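Welcome to the tour! Keep your viewer open, and we will go from stop to stop, selecting residues as we go.

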Amino acid sequence: MEIWGLRNCDTCRKALKALPGAVLRDVRQEPLSAAEIGGLLAAFPDKALNKASATWRGLSEEERLQAPEALLAAHPALMKRPVIHAGGEMHLGWTPAVRAALGVA
């Protein structure tokens with residue numbers, strides 16, 4: 001099981017702690033490939049970008065108009081997180097529904 005996120009993200013740390021054996025991939029240190037970004041956007045077209053983040057608020061209006069692929073490549077912290085890969089499936093966030101799907105109470 002792999003978790004895409006940030007080491008300093010509290011939600012990512014909660015997911016990592018609750019999922020024994022999971023490995024955290026810090027997307028700032030090991031950026032996503034174009035294919036991985038494409039897969040993320042295909043799975044979560046309207047939710048992959050975190051438009052409530054400080055990173056988003058720091059972007060200019062011109063930058064916000066860029067394609068989501070370009071934004072995620074240039075600003076990995078814009079990714080909604082965590083993204084959890086488990087059993088061939090991809091889950092977004094650490095919601096009660098995601099925890100239930102992963103068998104975490």
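Start by selecting C9, and remember as you look that this is a predicted model. C9 counts as buried because its relative accessible area is 9%, and the cut-off for buried is under 20%. Now add C12 to your selection. C12 is buried too, with a relative accessibility of 0%.

With two cysteines on screen, you may wonder: how many disulfides does the structure hold? The count is zero. C9 takes part in no disulfide, and the nearest cysteine sulfur to it, that of C12, sits 3.4 Å away. Why is there no bond between C12 and C9? The gap of 3.4 Å between their sulfurs is too far for one, because a disulfide needs the two sulfur atoms within 2.5 Å.

**Zoom out to the whole chain**

Show the chain as a cartoon next. You should find six helices and four strands. Trace them from the N terminus and the order reads β-α-β-α-α-α-α-β-β-α.

How does the radius of gyration compare with that of a compact globule? For 105 residues, such a globule would have a radius near 13 Å, and the chain, at 13 Å, agrees with this. Along the principal axes, the C-alpha atoms fill a box of roughly 40 × 25 × 25 Å.

Switch on a surface if your viewer has one. The chain exposes about 6,000 Å², with 53% of that area supplied by carbon and sulfur atoms. Of its 105 residues, 39% count as buried. Try colouring by charge as well: there are 13 positive and 11 negative side chains, and the centres of these two sets lie 10 Å apart.

Contacts tell another part of the story. Among contacts with a separation of 6 or more, 45% come from residues 24 or more positions apart.

**Select R25**

Go to strand β2, residues 23-26, where you will find R25. Is R25 buried or exposed? It is buried, with a relative accessible area of 8%. Now light up its contacts, leaving aside neighbours within four places in sequence. On one side of R25 in the numbering are E2, I3, W4 and G5, and the list goes on with E30, P31, L32, S33 and E36.

**Select D46**

Move on to the loop between α2 (34-43) and α3 (54-57), which is the place of D46. In contrast to the buried R25, D46 counts as exposed, at 74% relative accessibility. Select P68 as well and draw a distance between the two C-alpha atoms: D46 and P68 are 22 residues apart along the chain and separated by 9.9 Å.

**Select P76 and P82**

The last stop is the loop between α5 and β3, and P76 is found there. Which residues does P76 contact, beyond neighbours within four places in sequence? They are V27 and R28. Add D26 to the view: P76 and D26 are 50 residues apart in sequence, and their C-alpha atoms are 9.2 Å apart in space.

Stay in this loop, which runs between α5 (68-74) and β3 (83-86), and select P82. Look at the peptide bond that joins R81 to P82: it is cis, with omega near -5 degrees. Most peptide bonds are trans. Rotate the view until you can see this cis bond between R81 and P82 clearly, and your tour is complete.

Notes
Residues are numbered from 1 along each chain as its sequence is written. This is a predicted model: local features need pLDDT of at least 70, side-chain atom pairs count only at pLDDT 80 or more; totals for chains, interfaces and linings use all residues. Side-chain values use heavy atoms; hydrogens and water are left out. Helices (H or I, at least four residues) and strands (E, at least two) are DSSP runs, numbered from the N terminus. The radius of gyration is taken over C-alpha atoms; the globule rule is 2.2 Å times the number of residues to the power 0.38. Buried means under 20% relative accessible area, exposed over 50%, partly exposed in between (1.4 Å probe, protein chains only). Contact means heavy atoms within 4.5 Å. Accessible areas come from the Shrake-Rupley method with a 1.4 Å probe; for residues, only the protein chains shown count as cover. Lys and Arg count as positive and Asp and Glu as negative; His and the chain ends are not counted. The place of a charge is taken as NZ of Lys, CZ of Arg, CG of Asp or CD of Glu.
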